[in-house]
Structure formats: structure tokens, C-alpha cells
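Colleague: Please walk me through this one, and keep it simple. I'm happy to go a piece at a time.

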Amino acid sequence: MFPKKTDYDLVIVGGGLSGLAAAVAAGEKKLATLVLEKGRTLGGDGNYVEGAMGVDSTMQKDAGISIDKTELLQDELTYSHYEASAPHLKKLIDASGATIDWLQSLGVTFTKVGPQGKSWPTIHTFEGGGHAAIEKLKAKADEYGVEFATSVSAQKLLQANGHISGLAVKNEATGQYRDLRAQNVLLATGGYVDNPELIKERTPFVGRLLTVSDGKSTGDGMQLAWAAGAQHYSMGAIQYGGGAIYDRQTPPFVHMMSQLGVVATQEAILWVNERGERFVNEDVNDNMCHAGGAILTQSRVFSIFDQAAVDHLANVGLFKEVGNSPVSPDKLDKLPGEIETDLGKHASYLTKADSLEELATKLGLAKLPDTVTRYNALVDTGADTDFGKDKTYLTAVSDGPFYAVELGVGMACAWVAFESATTMKC
């Protein structure tokens, strides 16, 4: 339904994790605040995040974790090839520890702090996941009298005398429009992974990208800003979330909790391309964006493993801790059942064969048998002289039956960079 009033100190466009955090901060300052959410529910992609980044939080200090902020800043700028804004990133890092402490003071709880894969030990893991944090922030915003309007979308930023003066909104249920006045407008609409046209502008690999999102990240905020005169600096980065089961029939989120997906990616033993050739150190999964980039260098990618790996993962334990999640299971006890179910429904992404030669024939991977022979030889010597995989995780592929899972790239989020024009002052 439409908002109760037509005039606010602050209108926040987007009711995700960022928007809710901003709403609470505004409530603390006693601003008359409205949060617009075009969907029927709040939280957006924030419902699915594992935790939040922080430097110099109380949790880190208690754990004896010390991080040089300048060194972290330089590392992050290098990682982005300096496409990130150094002043904005510095401000984010400098305030991040205090932000974690602030969230804790609001009742948001964290289970631990540490790295994800090969990263800085900055991730503070939400107890109960992002959805639990969303609920805490919403409750606190309600205490401060923040107003929420769901199924209402922002259509246009209104301007007066070179300043943002409000925005036109649409009731998604009725199709009606209304203008709102606002002293300030904050755009917290997330990225653009759910907008195919914008994705096509950013990358040619659209067909192999799988959107892991709530479906509402269509780039609304960036388009509102551009229409109001913001300079189009960059489309921003797409987070290629590592390997993902390449299922052409069901939405990607169906496989988000799949243990088959874990064995094919985080526990990856051998990755091969469309010719059956190994092309990368499978430990690339320790950085999801690196893994996604590596997959996109090949026309097709398959994760190969054998029955011995299935038995070990299900009954003994993981080969390595799941790197891109702060929560790692002890075993993949559901894996055998998932494989049986997927084979029973003839899932296109999973192939089983009694021999490597049969697997190669089924998938057209001509060089697979030779590749496995070479790989197993590296396992025997305990040194990956081809791509440098840690010897601890060199695992043979020798005991049939054999399995192949086809991988696409899970596109988790994308965001935009733009420079403010004079019309964007608010």
C-alpha cells in the first residue's frame, strides 16, 4: 500500500540489509523515515548473506586478530584493479569495526569471526544467517517509528533547483502513482544481476551465468540515478560466485544447499573442459570470484570425481573445510542420496559411468582418460607440477563408478559505480 504521508526527512529505496541498517541509523537520529520496498517482503538478498565485513571490531580484538587497515585497503584496490573508489573503500574499512559493534548493540548476534577461504579474517558470521539479522534490524526500526511500504517501487527522482526534492512512486498492486517529498533520498537497491539487458552490456557470457538472487536486483537505483543526471562511471563488478551446478531447468537457488554442488566445487578434485583437459588448480575455489573467472575461460566445465570420493565425503569427512562459507559441515552425509535422486530423474548436469572411457564417450570428453592418468600420476608423486594444487588436497580419481557434474557460474551480486552530478545533491 501507499505510504501514510507524503513528506519525509528521508526516503530509503530498498528494504534489504543495507536499507534496514540505514533505517535504524536514521531512527536513532529521529528522522521521519520511510523505507520503500518494491517486493512483498523485506530483506532482499540480505536474507541469504553469511555475515558482514569488519576491521577492529570487539570480536576481533577479543580473538587477537589485528589487521593493518592501509594494507587491507591496498590489497582490495589491487584486487579490483583500482576500479573501486579508494576514498569510499577507505571510509568503509575505517568504519566497519564500529559498525559490527553497533549491530551487536542492536541485538544482531555473530557466531565467529575469521576468513572465508584464502582471505582476510574479517567476516563476522551471522547467527541464523542474514535473515536473522534482517529480523533484528526490522524490529529495531519499528521501535524508532520507521515506516515501511512494501509492494511500492520508486519510479523517478524528483528535482527542484538542482537538488533532489523527492520521488515518484508506484503501487505495484494497483498500478497507481504518487509523488513524495523528501529532504534526502538514499538508494539501497542492490545490484543488477536480475536485469538481463544490463548484464549483456557487462559481459558476453550471459548463457552460462546463473543468477543466485532473490529476483529483485534489477538495477533500479542506478537507473534512477542516471536518469536524474548522475554520470555513468562504471557498470560495476559482477561477482562470479565460483562454480555452480549448471541446471538449465530449475532456478539456481534450488541447488544452493546441495551437497552435490559442494563436492563439485568446494571439494573439487578434478576440473576439465569441453575436451576433457585439466585447465586450472582446483583450489581456485578458495576465492569464488577467481573460480568463476576460471570457468568462463572454457566453453564447458565438468567436475570429475569417483565413488571413493563419494564414500569418503559421506562417511569419513571433508577433504578441506568449505572455503567460501563460514559454515562448513563435517561430512556430506546427504551426498549419496542426492546422487541417486538426480540420476533417477535423469538430471542433465550429472553423468555417471562405470569407466572413464564410458564417461568420456557420454560427454564427448575425448582427452579425459589421458587427463586422469596424468592427474593420478601427480597425486602419486605428491606434487602438482602442472598447476600447483596443494599436495594435501591431491586426491586420485581411480575407483569407479565415475561421476561428472557440469558447472556454470553462480552470479551472486553486481553493483554500480557512478559519480554524482550537481543534480544529485540532497
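Modeller: First a word we'll need: contact means heavy atoms within 4.5 Å. What you see is a predicted model, in which local features need pLDDT of at least 70 and side-chain atom pairs count only at pLDDT 80 or more, while totals for chains, interfaces and linings use all residues. Residues are numbered from 1 along each chain as its sequence is written, and side-chain values use heavy atoms, with hydrogens and water left out.

Colleague: Okay! Leaving aside neighbours within four places in sequence, which residues is F305 in contact with?

Modeller: Start from F305 and skip anything within four places of it along the chain. What's left is a set of partners from both sides of F305 in the numbering: L260, V263, I269, V310, I339, V397, F402, Y403 and V405.

Colleague: Which residues have the most contacts inside the largest nonpolar core, and which strand gives the most to this core?

Modeller: A nonpolar core is a set of buried Ala, Val, Leu, Ile, Met, Phe, Trp, Tyr and Cys residues joined through side-chain atoms within 4.5 Å. The largest one has 62 residues, and those with the most contacts inside are L260, W271, I304 and F305. Helices (H or I, at least four residues) and strands (E, at least two) are DSSP runs, numbered from the N terminus. With 7 residues in this core, the top giver is strand 16 (residues 402-414).

Colleague: How many residues are in the second, separate core?

Modeller: Its members include L20, A22, M59 and V113. This core stands apart from the largest one, and its count is 33 residues.

Colleague: Is A141 buried or exposed?

Modeller: Here's the scale: buried means under 20% relative accessible area, exposed over 50%, and partly exposed in between (1.4 Å probe, protein chains only). A141 sits in helix 5 (residues 129-143), and not counting residues up to four places away, A141 touches A23, V24, V146 and F148. Its relative accessible area is 0%, so A141 is buried.

Colleague: And how far apart in space are A141 and V24, C-alpha to C-alpha?

Modeller: Along the chain there are 117 residues from one to the other. In space, though, the chain brings A141 and V24 to a C-alpha separation of 4.9 Å.

Colleague: On to the sheets. Which strands are at the edges of the open sheet of 3 strands?

Modeller: Two strands pair if DSSP finds at least two bridges between them. This sheet goes 3-5-4, with antiparallel pairing. Pairing on one side only, the edge strands are strand 3 (51-53) and strand 4 (110-114).

Colleague: Which residue stands opposite F110 in strand 5?

Modeller: Strand 4 and strand 5 (residues 123-126) are antiparallel partners, with 4 bridges. Facing F110 across that pairing is F126.

Colleague: Just before strand 4 there's T109; which residues is T109 in contact with, leaving aside neighbours within four places in sequence?

Modeller: T109 lies in the loop between helix 4 (86-105) and strand 4. With a relative accessible area of 37%, T109 counts as partly exposed. E127 is 18 residues away along the chain, yet the two C-alpha atoms are 5.6 Å apart. The contacts of T109 are T125, F126 and E127.

Colleague: Why is one side of strand 6 and of strand 7 left without a neighbour in the sheet?

Modeller: These belong to an open sheet of 6 strands, ordered 6-2-1-9-8-7 with mixed pairing. Strand 6 (147-150) and strand 7 (152-160) stand at its edges, so each has a single partner strand.

Colleague: How many residues are between strand 7 and strand 8 in their hairpin?

Modeller: Strand 7 runs antiparallel to strand 8 (residues 163-171), joined by 8 bridges. Across them, V152 is opposite N171 and L158 is opposite G166. In the turn, N161 has a positive phi of about 55°, and the number of residues between the strands is 2.

Colleague: K30 and S151 both have a positive phi; what are their relative accessible areas?

Modeller: Phi is near 60° in K30 and also near 60° in S151. K30 belongs to the loop between helix 1 and strand 2, and S151 to the loop between strand 6 and strand 7. K30 is exposed at 74%, whereas S151 is buried at 15%.

Colleague: Last one: which residues does the cis peptide bond join?

Modeller: Look in the loop between helix 13 (368-381) and strand 16, where P401 has its place. Omega there is about 5°, and the cis bond joins G400 and P401.
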